[in-house]
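Subject: Structure handover

Dear colleague,

I am passing this structure on to you, and below it you will find notes on what came up when I went through it. Please read them with the model open beside you.

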Amino acid sequence: MRFENDTIAAISTPVGQGGIGIVRISGPESLEIADRIFRPKKADSPSTARQGSLLYGHIINPADNTIIDEALLSVMRSPHSYTKEDVIEINCHGGMISVKRTLETVLAQGARLADPGEFTKRAFLNGRINLTQAEAVFDVITAKTEESMRIAVEQLQGGLSERLGDIREKLIDISACAEAYIDFPEDEIEMKTLQHLRDQLAGIKKEIDNLSGTFQDARFFRDGLSVAIVGRPNVGKSSLLNTLLKKERAIVTELPGTTRDLIEDYLNINGLPIRIMDTAGIRNSEELVEKEGIRRSLLAIQNADFIIALLDGSELLREEDFQLMEHIRGKNAVIVINKSDLPLKISLEAIREKAREHLFLSALSGEGVEMLKSVIFHANLRNWNEEREGVVVTNIRHRTALDRTSSSLERAIRLLAADQPLELFSIELREALDSLGEITGMVTTEDILDKIFSTFCIGK
């Protein structure tokens with residue numbers, strides 16, 4: 001059983017070797033535990049040190065006073081810390097053994113190992129940040145491009161919650177007006193007032209719908225855009241992957257079927273994180289391993305956000321090429337004719353019958369690759385303004401709650417127009433307010449919190 005007021009500890013730096021490893025402690029016994037395991041070089045102990053002090057000394061094993069490691073110890077007293085609790089951060093050497101032994105010593109003194117995301121969860125529960133800011137912490141950690149980082153930091157600073165707070169205040173004012181008429185039914189509501197309420201709600205609903213609409217493009221900056229390179233064997237899929245990444249990520253040979261499994265890596269196009277996948281060549285095969293690779297290639301076509309269907313321009317179209325163009329029919333895809341550095345033999349008329357758009361490139365020379373990057377970006381971010389200003393929604397949980405809010409407001413507007421009882425109208429407004437409150441954590445459940453924070457690393 002977990003108690004929110006006990007003392008927790010975890011390693012906050014990545015596993016492996018490094019210059020510094022950090023063990024974080026948070027809770028009511030943090031200072032006492034630090035006193036028992038830390039031997040300062042000077043007189044001040046952690047419990048008597050001032051807020052924000054950085055102490056030099058050694059981590060010791062209290063059982064036999066043996067030195068575990070040399071360390072710097074940071075003292076952050078409640079409420080001036082990440083969790084608003086007493087927090088100790090031990091900066092020891094970054095070797096795996098040093099950090100592990102330091103954590104074990106802390107746990108032996110009464111702290112328990114923190115759950116994933118528990119430090120940030122405590123920051124939320126103790127009122128230091130709201131739920132959208134807590135989720136932004138995870139987005140900052142996992143950001144793969146500068147634009148992804150900028151969007152996450154904007155949310156961490158409270159951009160989204162401030163915008164939602166303004167909308168919430170408007171709804172509260174409308175709700176208070178409706179409740180007043182409910183409480184004093186002898187004061188008949190005027191038609192001008194009803195029209196004003198409808199106009200206000202319509203404006204708020206439009207604002208919420210516009211905010212929700214940013215998700216379609218902005219989500220890719222949080223989750224990444226999955227792009228699959230597909231085609232029959234030996235059309236240059238692995239060569240194209242290596243050219244896009246500017247490194248030798250996939251093995252390239254003249255032998256058909258060299259790639260047997262999905263090869264993934266990340267690519268940055270104008271700040272958009274791309275999860276690019278090289279797939280096994282699609283053809284008829286009875287070889288067991290190759291068949292599994294082909295099955296995964298077909299699955300990638302189904303699941304990818306965008307598909308690069310690669311053809312060999314130096315050869316005539318084969319049956320596998322026609323099958324590929326059928327597989328991508330109706331998908332978000334582009335046909336790319338590779339090997340433009342060689343004489344053209346492919347039938348462009350047959351391709352035009354199957355697809356509206358195609359482009360030429362040479363994975364060998366790099367010619368046409370920049371055009372392909374542009375197509376990938378603009379085919380998926382049709383409404384994205386690179387000079388944009390304002391808040392965007394990148395989290396599906398936020399988008400779902402905004403859509404529920406919009407639906408409640410739509411019903412409320414219809415109730416007013418149909419001259420239905422204000423009690424029904426008020427119920428819809430409360431539903432809208434609750435949906436907005438779920439985004440920032442003003443209205444939430446333990447199940448929602450557990451789901452959100454379980455995605456975090458243990459030390460955060």
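To begin with a single residue: is Met96 buried, partly exposed or exposed? Please keep in mind throughout that this is a predicted model. Met96 has a relative accessible area of 49%, and because the partly exposed class runs up to 50%, Met96 is counted there. Met96 belongs to helix H2, which covers residues 96-108, and together with Val15 and Ile97 it makes a nonpolar surface patch of about 360 Å².

Salt bridges come next, and the count for this model is 27. As general background, side chains of opposite charge can pair when their charged atoms come close.

One of these salt bridges joins Arg112 and Asp6, whose closest N and O atoms are 2.7 Å apart. This pair links distant parts of the chain, since Arg112 is in strand E7 while Asp6 is in the segment before strand E1 (8-11), and 106 residues separate them. Strand E7 consists of residues 112-113, and both partners of the pair are buried, with Arg112 at a relative accessible area of 14%.

A further salt bridge is formed by Glu135 and Arg397, with 2.9 Å between the closest N and O atoms. Because Glu135 lies in helix H4 (residues 131-142) and Arg397 in helix H14 (residues 396-417), this pair ties together parts that are 262 residues apart in sequence. Here, too, both Glu135 and Arg397 are buried.

Glu428 and Arg411 also meet through their side chains in a salt bridge, at 3.0 Å from N to O. Glu428 is in helix H15 (residues 422-440) and Arg411 in helix H14, so this pair ties together parts that are 17 residues apart in sequence. Glu428 counts as buried at 14% relative accessibility, whereas Arg411, at 35%, counts as partly exposed. Elsewhere, salt bridges that share partners join Asp6, Glu85, Arg112, Glu118 and Arg122 into one network.

Finally, a word on the aromatic rings, for which a search of the whole structure finds 0 aromatic pairs. There are nevertheless charged side chains placed over rings: Arg24 lies over the face of Phe119, at 5.2 Å from the ring centre, and the charged end of Lys144 sits over the ring of Tyr266, 4.7 Å from its centre.

With best wishes

Terms used. Residues numbered from 1 in each chain as written. Predicted model: local features only at pLDDT ≥ 70, side-chain atom pairs only at ≥ 80, totals over all residues. Heavy atoms only, no water. Patch = residues over 30% accessible without salt bridge, like charges linked within 9 Å, V, L, I, M, F, W, Y side chains within 5 Å. Areas by Shrake-Rupley, 256 points an atom, 1.4 Å probe, with all protein chains shown as cover. Salt bridge = Lys/Arg side-chain N within 4 Å of Asp/Glu carboxyl O. Helix = DSSP H or I, 4+ residues; strand = E, 2+ residues; numbered from the N terminus. Buried < 20%, exposed > 50% of the residue type's maximum accessible area, 1.4 Å probe, protein only. Phe/Tyr/Trp six-rings, centres within 6.5 Å; stacked < 30°, edge-to-face > 60°. Lys NZ or Arg CZ within 6 Å of the ring centre and 35° of its normal.
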